[in-house]
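Notebook open, model on screen. Today I'm going through a couple of helices and what surrounds them.

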Amino acid sequence: MASRPGGQEVVAVQFQPVLVTGVGGRVGGVGRAVLDRLRAEGVPVRALVHHDDERASALRAVDGVEVVVGDLTRGADVVEALAGCRRAYFGMGVSPAYLEAATTVAAAARESGGFDLLVSISQMTVSQMDLTSRAESRQQRLHWLTEHVLDWSGVPVVHVRPTVFMENPLFARIALASILRDRTIRLPFGSARTSPVAAADVAEVVARLLLDAAPPSRRVYELTGARSRDMSAIAAEFSAALGRVVTYVDVPYEEWLDRDLRTQDLPPHVFEHIATMARLHGENRYDRATNDVAELLGRPPLGFDHFIRNTPALRP
């Protein structure tokens, strides 16, 4: 047994092995961080990877990790990966195949004997959506549909809905580039407020849910930073952490698309998603703050000082 904040206990080996997907993800590395936290508790992990590359080789070197190469949209691959697992984490990068992959995982888990928990990463935007809403990106629509499919499947599922990640390209690539160039944060958010969450907090929440012996008390957890504030306040946080002045520059949306986002050379599906997130920020759709991280982890959410410490380009 191991203890968690609030006195709850978790079982270190009961749920063996735990299937973890998305371990090769590049935005925040939530899947890999979940894997590392499970291993720290002595839980054996089966990692489903899409490519048998150097990242897969590195995982094979980790004690207690079994690597399975497969495709989340191929039923046979997912059935093989889930065999003998009672718990799993479903996460996948921004992809047009997201709903197909989630449906395949749900069907395989439904057929798997003794399966008792699927933790699925979604996004907080879906809480503001319905069947007829049209302002969101195709990826956000896929997340909305995925939640419904997983619920309809009858598989025991918990949806973790983070707001925008600190490690999202909006901050980790585009804002970072302008900070390094001229100490500005160029984004088209206007005076809107936002509450970015650290990927490390999301991973710790996912691992906590997978490790708890008791079933989760809720079906949905919405994860944000500690408070919602405008970009000028976030620029002040960067200034304090870096020891030099960083200023927020509000850029007209179309200008930002042309000068900042298009230069990132993103796939069309990803480009449309990031562009939509920026537009929705400007419409104040990300002005949200919850206590879920603090209540689950027994500590405040991490701030941008954590992001800065873990971004090599920003180190002195």
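How many of the 15 residues of α10 are buried? I worked from a predicted model here, and I got 11 of the 15, so α10 is largely enclosed by the rest of the structure.

I listed the buried ones next: His269, Val270, Phe271, His273, Ile274, Ala275, Thr276, Met277, Ala278, Leu280 and His281. Then I looked up what covers them, and the cover includes α5 (138–153), α6, β10 (193–194) and α9.

I checked the length of α10 too. From first C-alpha to last it reaches 21 Å, close to the 21 Å expected at 1.5 Å a residue. After α10 comes Asn284, with a positive phi near 65°.

On to α6, since it turned up in the cover of α10. This helix runs over residues 169–182, and its 14 residues should span 20 Å at 1.5 Å a residue; I find the end C-alpha atoms 18 Å apart, which agrees. I also noted a kink of about 35° in α6, centred on Ala175.

Ala175 is itself on the buried list for α6, along with Pro169, Leu170, Phe171, Ile174, Leu176, Ser178 and Ile179. I traced the packing of these buried residues to β9 (184–187), α8 (231–242), α9 (253–261), α10 (268–282) and α12 (304–309).

Last, the two ends of α6. At the start, I found a side-chain oxygen of Asn168 within 2.8 Å of the backbone nitrogen of Leu170. Following the helix is Arg183, whose phi is positive, near 60°.

Technical notes. Residues are numbered from 1 along each chain as its sequence is written. This is a predicted model: local features need pLDDT of at least 70, side-chain atom pairs count only at pLDDT 80 or more; totals for chains, interfaces and linings use all residues. Side-chain values use heavy atoms; hydrogens and water are left out. Helices (H or I, at least four residues) and strands (E, at least two) are DSSP runs, numbered from the N terminus. The expected span of a helix is 1.5 Å times one less than its number of residues. The bend at a residue is the angle between axes fitted to the seven residues ending there and the seven starting there. Buried means under 20% relative accessible area, exposed over 50%, partly exposed in between (1.4 Å probe, protein chains only). Contact means heavy atoms within 4.5 Å. A polar contact is a pair of N or O atoms within 3.5 Å; within protein, one must be able to donate a hydrogen and the other to accept it, and residues adjacent in sequence count only if both atoms are side-chain atoms.
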